[in-house]
Amino acid sequence: MKTRLGCLSNKSDSYSDFSEFLPPADVTAARCLKISTAEVVQWSESFDQLLSHKYGLSAFRAFLKTEFSDENIEFWMACEDYKKNKSSTKLVSKANKIYMEFIDVQAPREVNIDYGTRERTRQSLEDPSPSSLNEVQAKVYGLMEKDSYPRFLRSSMYQDIVNRTRAHNQRRSV
């Protein structure tokens with residue numbers, strides 16, 4: 001039992017399965033993904049910059065998986081998708097799915113929110129609108145911005161991305 005729990009408490013810094021956004025070391029420049037060092041460095045300028053960049057979001061998701069907290073970004077993304085719906089039928093369906101997966105006390109991927117927020121969200125979802133999840137999404141966003149994002153920027157994963165893009169872009173300019 002102790003061994004099983006031990007593997008859960010060890011936070012891995014391995015991300016080789018999630019490096020699809022990086023130029024592979026052994027691939028020619030013509031086949032490499034075009035991402036500049038400047039773009040990667042911009043991710044450190046603000047959390048919004050990171051989330052708005054396709055590969056920044058992928059890298060952050062991969063990082064959160066290593067920290068066993070990817071439910072936060074998955075919830076945030078589900079909320080972003082939810083807000084795009086215009087059909088009230090789809091809103092109800094998606095709201096229920098999001099609530100059951102992330103917000104309910106028994107949710108399999110429960111996000112860390114306080115009781116009051118959970119209750120207000122539950123009540124808001126009785127008659128869902130595109131803004132019904134705004135409060136809870138903002139809370140989870142704030143948690144990621146203040147907690148996970150600074151750790152991501154200090155991580156070997158992010159540092160490796162910066163170094164690899166810098167080396168790749170220097171080879172291309174030679």
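A residue counts as buried under 20% relative accessible area, as exposed over 50%, and as partly exposed in between (1.4 Å probe, protein chains only). By this measure Asn72 is buried, with a relative accessible area of 10%. The model is predicted: local features need pLDDT of at least 70, side-chain atom pairs count only at pLDDT 80 or more, and totals for chains, interfaces and linings use all residues. Residues are numbered from 1 along each chain as its sequence is written, and side-chain values use heavy atoms, with hydrogens and water left out.

The protein chain has 9 helices and 0 strands. Helices (H or I, at least four residues) and strands (E, at least two) are DSSP runs, numbered from the N terminus. Along the sequence the pattern reads α-α-α-α-α-α-α-α-α. Of the 174 residues in the protein chain, 41% are buried. Contact means heavy atoms within 4.5 Å. Among contacts in the protein chain with a separation of 6 or more, 62% come from residues 24 or more positions apart.

The largest nonpolar core has 40 residues. Such a core is a set of buried Ala, Val, Leu, Ile, Met, Phe, Trp, Tyr and Cys residues joined through side-chain atoms within 4.5 Å. Trp43, Phe60, Phe75, Ile103 and Phe152 have the most contacts inside this core. At least two of its residues come from each of H3, helix H4 (54–66), helix H5 (71–83), helix H6 (88–103), H8 and helix H9 (156–173). Leaving out residues up to four places away in sequence, Trp43 touches Ile35, Gln49, Leu50, His53, Tyr55, Gly56, Ala59, Tyr149, Leu153, Tyr158 and Ile161.

Aromatic rings were examined next. A pair of aromatic rings is described by the distance of the centres and the angle of the planes. Rings of Phe, Tyr and Trp (its six-membered ring) pair if their centres lie within 6.5 Å; planes under 30 degrees apart count as stacked, over 60 as edge-to-face and the rest as tilted. The structure holds 8 aromatic pairs. One of them joins Phe47 and Tyr149, at 5.1 Å centre to centre, with 50° between the planes, and is tilted. This pair links distant parts of the chain. Phe47 lies in helix H3 (residues 47–52) and Tyr149 in helix H8 (residues 134–154), 102 residues apart. Phe47 is buried, with a relative accessible area of 1%. Tyr149 is also buried, at 8%. Ring pairs join Trp43, Phe47, Phe60, Phe63, Tyr141, Tyr149, Phe152 and Tyr158 into a cluster.

Helix H7 (residues 115–124) packs against H8. The two axes come within 9 Å and cross at roughly 145°. Axes are lines fitted to C-alpha atoms, for helices over the stretch in contact, and angles run from 0 to 180 degrees between N-to-C directions. Thr117, Arg120 and Thr121 in H7 meet Glu135, Val136 and Lys139 in H8. By class, this contact has 1 nonpolar, 2 polar and 3 charged residues. Here Ala, Val, Leu, Ile, Met, Phe, Trp, Tyr, Cys and Pro count as nonpolar, Asp, Glu, Lys and Arg as charged, and the others, Gly among them, as polar. The buried residues of H7 are Thr117, Arg118 and Thr121. They lie on the same side of H7, because they cover an arc of only 100° around the axis. The arc is that of the directions from the helix axis to the C-beta atoms. H6 and H8 are included in what covers these buried residues.

Helix H5 also meets distant segments. Asn72 is in H5. Apart from neighbours within four places in sequence, Asn72 contacts Val111, Val140 and Met144. Trp76 is in H5 too and is buried, at 14% relative accessibility. With residues up to four places away not counted, Trp76 touches Leu51, Gln137, Tyr141 and Met144. The C-alpha atoms of Trp76 and Lys139 are 9.9 Å apart in space, with their positions 63 residues apart in sequence. Ala138, in helix H8, has its C-alpha atom 8.6 Å from that of Trp76, and the two are 62 residues apart along the chain. Ala138 is partly exposed, with a relative accessible area of 48%.

Two other sites complete the description. Phe68 is found in the loop between H4 and H5. Phe68 has a positive phi of about 60° although it is not a glycine, and is partly exposed at 44% relative accessible area. Ala167 lies in helix H9 and is partly exposed, at 30% relative accessibility. Ala167 and Thr37 are 130 residues apart in sequence, yet 8.9 Å apart C-alpha to C-alpha.
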